[in-house]
Amino acid sequence: MPLDPEKRDSLPSVSTSTGAGAAGCLDVFRNLFVNDKIKTAKHQQPSNEKPLDSTLPPAYESHAEYPEMSQVPTTAAASAQAQADLVEAWTKNEFAKAVHEAIEAVSTELRQISLQLHSNPELAYEEYKAHALLTDYLEKKGFAVQRSAYGLETAFVARAGNSDKVTIGICSEYDALPGIGHACGHNLIAISGVATAIGLQVAIQKFNLEAEVKLFGTPAEETTGGKIVMLNNGAFEGVDVCMMLHGANADVIYPAFLALDTVDVEYFGKASHASASPWEGINALDAAVLAYTNIGLMRQQMHPSQRVHGIIKDGGQAVNIIPEYTKSTYTVRAPKWDEVVLLKQKIERVLKGAATSTGCTVKLTWGVPYKDILTNEHLVKRFEHHMNAQGLKYASKTEQLSKLSGSTDMGNMSYALPGIHPMFNILNLDGSDYPMGLHTKDFAHAAAQPKGHTATLRAAKSLAMTGVDCILDKNLLKQVKHEFAKSTQQ
Ligand SMILES: [Zn+2]
Ligand SMILES: [Zn+2]
């Protein structure tokens, strides 16, 4: 359903991508944080964290290599005490206490797993060490583990619980980026899922809750979206809600992920001598150039939050031959998936028009679409409540939506079942933003620091409690599902 203009005007504008076209969770993370507000924010105190060098590869060894890291502030002592008081009050609730203690009890083990993943970054669909490490650990913790699940060698599902009345799904990612390792912090996402699952497992066992937790190991988020394959292979059937966490340089529960699709465009013409008999040829490069130009003209009629960007990959073989074949690739992005669908129709008209006017034929091959995130309000309010209870306050929804933009396969999940994808700041624990982009070496370094670990466990406790709330409060689950049905109906 197209958005009405009023609603659309309230959507965030987006930045130009700096990443690969097809996918990648946060390939267009906007670095909005180097501004006056941030310069005057709470960044005065120097870091007193020690580097975790013994287990890290040389690239991550020294703060000196990443001078920005030496400026990472610590939370002020006074607010740390206030935070401790809040946590004490929060854990008067017996469920929060159980979750809190269960996750704290495995903190050291999870830290080791996180650093091992960080020291051994594996690319999409090659996450063999991560798969082994995580599944062995989960099995030791009493989960029933299915390795290489749902058609993917490096995917898994681990389950715990005593009933299938309510099934809470959690996702762990663990793929890394070429050259810069865990620059998206998926080592932290991996342990955030494990911590959340353990928190839920303990709560279910201790209070004999009629519920099940399923932790999904989801490979290849950075490339072609392992979750989409798993979704298509039935992994999430019977799961009531599916949630995950992602580290970032800001605390955001309403992430403005973009929906996208990518198309390969091939024009087929006829070769001829470019000087002796050009009239006998059909020029496939003319078609590609016309398409590129007409998309440029079309931009005037596009909403400013939408993007179409492309390249000509193959423009012909020799200057004295009329090109008989060309290949281009375009990525189409918009804040909402239904906008991408409409934009695709316009783009197709332009691409086909270029074929008609040159006499070429055209073949369009659309890729794997990534949808935007449908943040379930009822779920995210519970998560927010538990983060507030641990001392973390969020900016307004509008401000949050203006901060980040990227694309993730969790978006497709959020259209298939109710979910949330909160982002947690791994650099500042006090709710203030930090001027560091994801997919950078600095962020990879930060993903191995103790502060990131602390932030991960705090968020995991909140996510586990969000799951507990869904199990305990049948009315909440009903509301979550009702909202989901409403937001996905055409
Ligand atoms: Zn990423
Ligand atoms: Zn990521």
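This section describes the overall make-up of a predicted model, followed by one of its sheets, a helix pair and a loop residue.

The protein chain comprises 490 residues, of which 51% are buried. Its secondary structure consists of 16 helices and 12 strands. Among contacts with a sequence separation of 6 or more, 80% are between residues 24 or more positions apart.

Six strands are arranged as an open sheet with mixed pairing, in the order β1-β2-β4-β3-β5-β11. The edges are occupied by β1 (144-147) and β11 (419-420); each has a single partner strand, so one side of each is left without a neighbour in the sheet. The partner of β11 in this order is β5. Strand β5 (residues 241-243) and β11 run parallel and are joined by two bridges. In this pairing, C242 has G419 of β11 as its bridge partner.

Helix α7 lies across three strands, β2 (156-161), β3 (167-172) and β4 (212-217). Relative to β3, α7 runs at about 155°. Helix α7 (residues 186-206) also packs with helix α4 (residues 94-105), at an angle of about 130° and with the two axes 8 Å apart. At this angle α4 and α7 are neither roughly perpendicular, which would require 65 to 115 degrees, nor roughly antiparallel, which would require over 145; the two helices are therefore oblique to each other. Their crossing is right-handed. On the α4 side, the contact involves F95, A98, V99, A102 and I103, which meet A195, I198, G199, V202, A203 and K206 of α7. By class, nine of the residues in this contact are nonpolar, one is polar and one is charged.

The edge strand β11 is also approached by a loop residue, N376, through G419. N376 is located in the loop that connects β10 (361-366) with α11 (377-389). N376 has 23 C-beta neighbours inside 10 Å and therefore counts as buried, the cut-off being 20 or more. Leaving aside residues up to four places away in sequence, N376 touches P418, G419 and I420, together with V480, E483 and F484. The C-alpha atoms of N376 and G419 are 5.8 Å apart, although 43 residues separate the two in sequence. G419 thus takes part both in the bridge to C242 of β5 and in the contact with N376.

How values were computed: Residues are numbered from 1 along each chain as its sequence is written. Chains are lettered from A and ligands numbered from 1 in the order in which they are written. This is a predicted model: local features need pLDDT of at least 70, side-chain atom pairs count only at pLDDT 80 or more; totals for chains, interfaces and linings use all residues. Axes are lines fitted to C-alpha atoms, for helices over the stretch in contact, and angles run from 0 to 180 degrees between N-to-C directions. Helices (H or I, at least four residues) and strands (E, at least two) are DSSP runs, numbered from the N terminus. Angles under 35 degrees count as roughly parallel, over 145 as roughly antiparallel, 65 to 115 as roughly perpendicular and the rest as oblique. A crossing is left-handed if the near helix is turned anticlockwise from the far one by less than a right angle, and right-handed if clockwise. Two residues are in contact if their C-beta atoms, placed from the backbone, lie within 7 Å. Ala, Val, Leu, Ile, Met, Phe, Trp, Tyr, Cys and Pro count as nonpolar, Asp, Glu, Lys and Arg as charged, and the others, Gly among them, as polar. A residue is buried if 20 or more other C-beta atoms lie within 10 Å of its own, exposed if 12 or fewer, and partly exposed in between; C-beta atoms are placed from the backbone. Two strands pair if DSSP finds at least two bridges between them.
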